[in-house]
Amino acid sequence: MNQRRQDSTIRDLLLAPMGHTKIAWAWEHMPILGQIYPGFEAEQPFRGLTVAMCLHLEAKTACLARLIQAGGAHVVVTASNPLSTQDDVVAALVESGIQAFAWYGATEDEYWRHIDLALQTEPDLIIDDGADMIVRLLTTRHDLAKKLIGACEETTTGVKRLRSLHLQGYLPFPVIAVNNAYSKYLFDNRYGTGQSAWDAIMRTTNLLIGGKIVVVAGYGWCGRGIAMRAKGLGARVIVCEVDPVRANEALMDGFWVMPMLEAARLGDIFVTATGNRDVIRRQHFEVMQDGALLANAGHFNVEISVSDLQCMSERREEIRPGVEQFTLKDGKRLLLLGEGRLVNLACGDGHPIEIMDLSFSLQALSLRHLYLNRQELKPGVLDVPVHIDEAVAQHRLDAMGVAIDELLPSQEDYLRSW
């Protein structure tokens, strides 16, 4: 039963107690956010502002929302993926005074309606994941662009979309590409995706990874992490790439490299992480082995062509929560995880808490920087300031009790000299 409270649209407010428990567990393991919190609470950098967040709505995101709220903002949240929303966490946020428009399993129409409802609050700042909210604003609520101070973007896919908008002259406000910070992509994309993708695949299927042939499509930072963790679990790994430099890197990292059409004949498990569409399609399905397992770790559910799979099948059925079996007309069975959506969130809890502590600390400090420097920042896609990137990395070391060396003045002089 769907409910409303404080102009929110959620599944069930009675789920809030479990949500609070999940959020408390996440907060306990997010020491960087914990270090930032007192400063935000005292400074109130977002007092009087509305901040809209379109993110995966689970416990770690809730901690970011509460931090922004502590900074004085009215916070509005909606989902960036209908299968990653945890209804108990959303209920807990609403009970904490945060406005929410989301529930698990939203249809496509409901998904966009929830984003539209969030936009109706006329946000001053946006934190986006995949750029759906920003694109929706620019295409259906362009009147809000004049009020919007700016935004922060979480993902590789979102940054690509925003750069395209900027190049075409359609981005009238600054957006900080949080994804491109060293403390984000080196850790979140590689170690976060690497661990969480396999966590989701293993808990959903309960299958052994060791000894199997794993095909990883894409050898960017996410693909690197997925391949590295598969190797660590004992799999034999094939990498498929279109970039010759990355293909060479995969070879030197010890992986097989070949076209997807060749790999499709060999693989037991396929994981896509390219940010592109139709990476695995009809011609690949036709030559796969019976029982091949398909998972996507890219942001949108377009990397595995589910439409091709559906057209080739005579039967589609859920044989286990999160596992759909497509029986092809020749009797072969292919298994799709999480409807082809982002597997680590559709079938799991997403990135490890400590990883998101880094990423969400970058989000919070970047959003603060964006607002405080709003007069100087020009429209376009901007990098995270180096001092914020380094501050978050140092906070992480401090939280772990790790000390590092510092340069002597003479060493600094030497490095500056020619």
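Tryptophan 27 has a relative accessibility of 31%, so this residue counts as partly exposed. Keep in mind as you look around that the model in front of you is predicted. Tryptophan 27 has a ring partner, tyrosine 37, and the two form an aromatic pair. Their ring centres are 5.6 Å apart and their planes meet at 75°, an edge-to-face arrangement. If you trace the chain, you will find tryptophan 27 in helix α1 (residues 16–28) and tyrosine 37 in helix α2 (residues 31–43), ten residues apart. Tyrosine 37 also counts as partly exposed, because its relative accessibility is 25%.

That pair has company: the structure holds seven aromatic pairs. Elsewhere, ring pairs join Tyr182, Tyr185 and Trp221 into a cluster. Rings can also have a charge above them. The charged end of lysine 231 sits over the ring of phenylalanine 255, 5.5 Å from the ring centre. Arginine 374 does something similar with tyrosine 371, lying over its face at 4.0 Å from the ring centre.

Now go back to helix α1 and look for lysine 22. Which residue does lysine 22 meet in a salt bridge? The partner is aspartate 88, with 3.0 Å from N to O. Aspartate 88 belongs to helix α4 (residues 87–95) and lysine 22 to helix α1, so this contact ties together parts that are 66 residues apart in sequence. Is aspartate 88 buried or exposed? Its relative accessible area is 10%, and below the 20% cut-off a residue such as this one counts as buried. Lysine 22, at 28% relative accessibility, counts as partly exposed.

Why might such side chains meet at all? Side chains of opposite charge can pair when their charged atoms come close. A search of the whole structure finds 18 salt bridges, so there are others to visit. One of them joins arginine 224 and glutamate 249, at 2.6 Å from N to O. Arginine 224 is in helix α9 (residues 221–232) and glutamate 249 is in helix α10 (residues 244–252), so the contact ties together parts that are 25 residues apart in sequence. Arginine 224 counts as buried at 12% relative accessibility, whereas glutamate 249 is partly exposed at 29%.Another salt bridge brings aspartate 290 and arginine 333 together, at 2.8 Å from N to O. Here aspartate 290 lies in the loop between α12 (282–285) and β13 (293–296), while arginine 333 lies in strand β16 (residues 333–337), 43 residues away. Aspartate 290 is partly exposed at 43% relative accessible area, and arginine 333 is partly exposed at 38%. Salt bridges can share partners too, and in this way Asp199, Arg203 and Asp349 are joined into one network.

Strand β16 leads us to the sheet. Eight strands form an open sheet with mixed pairing, in the order β11-β10-β9-β12-β13-β16-β15-β14. At the edges are β11 (256–257) and β14 (313–320), each of which pairs on one side only. Within the sheet, β9 (residues 213–217) and β10 (residues 236–240) run parallel and are joined by five bridges. Valine 215, for example, has isoleucine 238 in β10 as its bridge partner.

Finish the walk on the surface, where Met400, Val402 and Ile404 form a nonpolar patch. Together they have about 280 Å² of accessible area. Valine 402 lies in the loop between α16 (386–400) and α17 (409–416), and at 35% relative accessibility it counts as partly exposed.

Key
Residues numbered from 1 in each chain as written. Predicted model: local features only at pLDDT ≥ 70, side-chain atom pairs only at ≥ 80, totals over all residues. Heavy atoms only, no water. Pairing = 2+ DSSP bridges. Helix = DSSP H or I, 4+ residues; strand = E, 2+ residues; numbered from the N terminus. Patch = residues over 30% accessible without salt bridge, like charges linked within 9 Å, V, L, I, M, F, W, Y side chains within 5 Å. Areas by Shrake-Rupley, 256 points an atom, 1.4 Å probe, with all protein chains shown as cover. Salt bridge = Lys/Arg side-chain N within 4 Å of Asp/Glu carboxyl O. Buried < 20%, exposed > 50% of the residue type's maximum accessible area, 1.4 Å probe, protein only. Phe/Tyr/Trp six-rings, centres within 6.5 Å; stacked < 30°, edge-to-face > 60°. Lys NZ or Arg CZ within 6 Å of the ring centre and 35° of its normal.
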